[in-house]
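Hello,

Here is the structure for your files. Please open it alongside this note; the findings follow below.

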Amino acid sequence: MNDMSLSAGASWVAVCSLADIVPDTGVCALLNGRHVAVFRVGDAVPRVFAIDNIDPHAGASVLSRGIVGSIGERIVVASPLYKQHFDLASGECIEAPEHAVATWPARVFGGMVWVAL
């Protein structure tokens with residue numbers, strides 16, 4: 001695998017096979033010591049997103065287990081603890097923007113899900 005084929009200058013990490021993530025769900029990965037939630041959205045033309053897995057309201061590593069859905073045009077995950085919605089593209093918490101989570105570039109390449117840290 002050539003990192004240059006993903007994006008020059010980024011440090012890409014293979015997380016898992018795309019087939020390992022059920023459509024419209026997430027998985028947790030430990031990448032460079034950080035809990036990262038990786039989501040697969042859609043089945044026919046899947047998109048992938050990567051955000052912090054730590055719910056800033058609870059301090060627990062649970063966002064990957066949240067429910068994926070949408071609010072208007074925004075694809076979100078609802079925290080399984082307090083039900084706040086996090087935008088998968090921007091990391092913004094819809095109900096409390098001051099509690100945003102970090103996001104990272106994610107993509108599918110060669111049947112694998114890759115995240116840039």
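A salt bridge here is a side-chain nitrogen of Lys or Arg within 4 Å of a carboxyl oxygen of Asp or Glu. Glutamate 92 and arginine 74 meet that definition, at 2.4 Å from N to O.

Some ground rules. This is a predicted model, in which local features need pLDDT of at least 70 and side-chain atom pairs count only at pLDDT 80 or more, while totals for chains, interfaces and linings use all residues. Residues are numbered from 1 along each chain as its sequence is written, and side-chain values use heavy atoms, with hydrogens and water left out.

**Salt bridges**

The structure holds 4 salt bridges. Glutamate 92 sits in the loop between β9 and β10, and its partner arginine 74 is in strand β8, 18 residues apart. Strands are DSSP runs of E, at least two residues long, numbered from the N terminus. Arginine 74 also pairs with aspartate 87, at 2.7 Å from N to O. Aspartate 87 lies in strand β9 and arginine 74 in strand β8, so this pair ties together parts that are 13 residues apart in sequence. Arg74, Asp87 and Glu92 thus form a network of salt bridges.

How accessible are these residues? Buried means under 20% relative accessible area, exposed over 50%, and partly exposed in between (1.4 Å probe, protein chains only). Aspartate 87 is buried at 7%. Arginine 74 is partly exposed at 28%, and glutamate 92 is partly exposed at 26%.

Another salt bridge joins aspartate 52 to arginine 34, with the closest N and O atoms 2.9 Å apart. Aspartate 52 is in strand β4 and arginine 34 in strand β3, 18 residues apart. Aspartate 52 is buried at 13%; arginine 34 is partly exposed at 38%.

**Strands**

Two strands pair if DSSP finds at least two bridges between them. An open sheet of 4 strands runs β2-β3-β4-β10, with antiparallel pairing. Its edge strands are β2 (25-31) and β10 (103-104), each pairing on one side only. Within the sheet, 6 bridges join β3 (residues 34-41) to β4 (residues 47-52). Valine 38 has alanine 50 in β4 as its bridge partner.

β7 and β8 are also antiparallel, over 5 bridges. Serine 70 is matched with isoleucine 75 in β8. This hairpin has 2 residues between the strands, and glycine 72 takes a positive phi near 65°.

**Loops**

Arginine 65 lies in the loop between β6 (60-61) and β7 (67-71). Arginine 65 is exposed, at 60% relative accessibility. Its side chain reaches the backbone oxygen of serine 61 at 3.4 Å.

Glutamine 84 belongs to the loop between β8 (74-78) and β9 (85-87). Unlike a residue that counts as exposed, glutamine 84 is buried, at 13%. Beyond its neighbours within four places in sequence, glutamine 84 is in contact (heavy atoms within 4.5 Å) with His57, Val77, Ala78, Ser79, Cys93 and Glu95.

**Cysteines**

How many disulfides (pairs of cysteine sulfur atoms within 2.5 Å) does the structure hold? The count is 0. For cysteine 16, the nearest cysteine sulfur is that of cysteine 28, 11 Å away. For cysteine 93, the nearest is again that of cysteine 28, at 19 Å. Cysteine 16 is buried at 13%, and cysteine 93 is buried at 0%.

Best wishes

Methods: A polar contact is a pair of N or O atoms within 3.5 Å; within protein, one must be able to donate a hydrogen and the other to accept it, and residues adjacent in sequence count only if both atoms are side-chain atoms. A disulfide is a pair of cysteine sulfur atoms within 2.5 Å.
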